[in-house]
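Here is a friendly walk through a single chain, written for someone who likes to know where a model can be trusted before using it. Please have the sequence and the coordinates open as you read.

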Amino acid sequence: QQSSSMPFLTIHNRQISWTPLLVLGYLFYLLLGAMVFQLLEKQAETHFRDQFQLEKIKFLQNYTCLDRQALEQFVQVLMEAWEKGVNPEGNSTNPSNWDFSNSFFFAGTVVTTIGYGNLSPSTVAGQIFCVFYALFGVPLNLAFLNQLGKGLNAHLITLERWVQKPGRAQVQLAIFLTAGTLLFLVFPPLVFSYVEGWSYGEGFYFTFITLSTIGFGDYVVGTNPNKHYIPVYRSLTAIWIVFGLAWLALVFNVGADLMEKFLQLKWHKPDLSLAEGATTKLEDEPEQPRIHIPS
């Protein structure tokens with residue numbers, strides 16, 4: 001008998017709870033990521049830090065009228081400007097970060113919780129408005145993405161019902177994943193590479209980091225002061241982000257659903273008598289659509 005409220009399963013049924021294993025696997029995955037990132041990035045960070053210190057020393061040697069304290073104060077001014085969304089490159093004729101197109105893009109990053117971090121409200125009124133705007137906008141965005149996901153899910157099930165031959169459900173799912181990958185992950189980096197001057201790898205990195213709502217802010221479209229962008233460039237990018245979020249959220253939900261089912265199949269072995277009964281019942285019932293995309 002069970003003495004705890006947790007779903008521990010009896011040994012004679014060869015079933016155990018996979019929840020502790022999932023927790024351990026999650027923690028192990030975080031530890032693995034920390035070790036790999038440390039291995040890959042720490043040495044490069046040390047190199048860049050040393051290089052930056054050398055550049056400051058060279059600058060002081062070339063301009064003897066400055067001392068280290070004055071240089072550090074100027075660096076602080078540059079950092080504060082960057083934190084306020086002002087690009088230190090270029091001059092005062094740079095396009096505004098708060099014209100309508102850029103403001104529309106910023107509003108999209110707020111409600112989608114991407115939050116690049118390269119731009120934020122600097123006035124008290126703007127900060128207060130941002131709080132309440134996100135308070136209502138984030139649930140609205142989730143509801144919109146949920147409905148959009150349901151529409152895609154219903155479309156996939158309709159496609160499945162049109163096809164009567166066994167095994168075609170997997171084909172439809174493969175088409176959905178392939179088309180979405182091309183539309184949201186493969187082709188956009190080509191556009192960003194052309195417009196922003198990034199490499200394809202950098203464009204692909206930006207695309208995935210954005211659509212997954214990680215949003216580091218190290219790469220953001222439409223921020224290079226040396227380039228002239230069309231006025232609707234960032235607005236169109238915001239629209240692409242919204243539909244890309246819906247597609248990638250479906251993919252993530254499918255992956256989570258498959259992972260849960262794998263763990264259940266891996267660790268939960270049902271009674272043979274129950275399995276035989278279920279098999280008989282399935283043979284008597286008509287075939288149901290096998291595509292399942294959680295909304």
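Residues 278–295 keep a pLDDT under 50 throughout, and the model gives them 28 contacts beyond four places in sequence. This is a predicted model, and its chain averages a pLDDT of 78, with 76% of the residues scoring at least 70. Over residues 272–276 the pLDDT is also below 50, and that stretch has zero contacts in the model beyond near neighbours in sequence. Among the elements of the chain, helix α8 (residues 272–284) has the lowest mean pLDDT, 47, while α6 has the highest, 95.

Now for the overall layout. The chain contains eight helices and zero strands, so read from the N terminus its elements run α-α-α-α-α-α-α-α. Of its 295 residues, 26% count as buried. The accessible surface comes to about 20700 Å², and 67% of that belongs to carbon and sulfur atoms. Among contacts with a separation of 6 or more, 62% join residues that are 24 or more positions apart.

An unreviewed UniProt entry places the feature "transmembrane region" at residues 21–40, 124–145, 171–191, 203–221 and 233–256. Two of these spans are set out below.

| Span | Helix | Strand | Distance between end C-alpha atoms |
|---|---|---|---|
| Residues 124–145 | 100% | 0% | 30 Å |
| Residues 171–191 | 100% | 0% | 29 Å |

Helix α6 is worth a closer look. Does its length agree or disagree with what its residue count should give? The helix covers residues 200–211, and at 1.5 Å a residue its twelve residues should span 16 Å; the end C-alpha atoms are 16 Å apart, so the two agree. The buried residues of α6 are G203, F206, T207, I209, T210 and L211. As background, an α-helix has 3.6 residues a turn, so residues three or four places apart point the same way. After α6 comes T213, whose phi is positive, near 60°.

Finally, a loop residue. P88 is found between α2 (68–83) and α3 (100–111). Is P88 buried, partly exposed or exposed? Its relative accessibility is 41%, so P88 counts as partly exposed, the class between the 20% and 50% cut-offs. Leaving aside residues up to four places away in sequence, P88 touches L78 and W82. The C-alpha atoms of P88 and L78 are separated by 6.3 Å, and the two residues are ten apart along the chain.

How values were computed: Residues numbered from 1 in each chain as written. Predicted model: local features only at pLDDT ≥ 70, side-chain atom pairs only at ≥ 80, totals over all residues. Heavy atoms only, no water. Helix = DSSP H or I, 4+ residues; strand = E, 2+ residues; numbered from the N terminus. Expected span 1.5 Å × (residues − 1). Buried < 20%, exposed > 50% of the residue type's maximum accessible area, 1.4 Å probe, protein only. UniProt positions renumbered as here; feature names shortened; annotations may be inferred. Contact = heavy atoms within 4.5 Å. Areas by Shrake-Rupley, 256 points an atom, 1.4 Å probe, with all protein chains shown as cover. pLDDT = per-residue confidence, 0-100.
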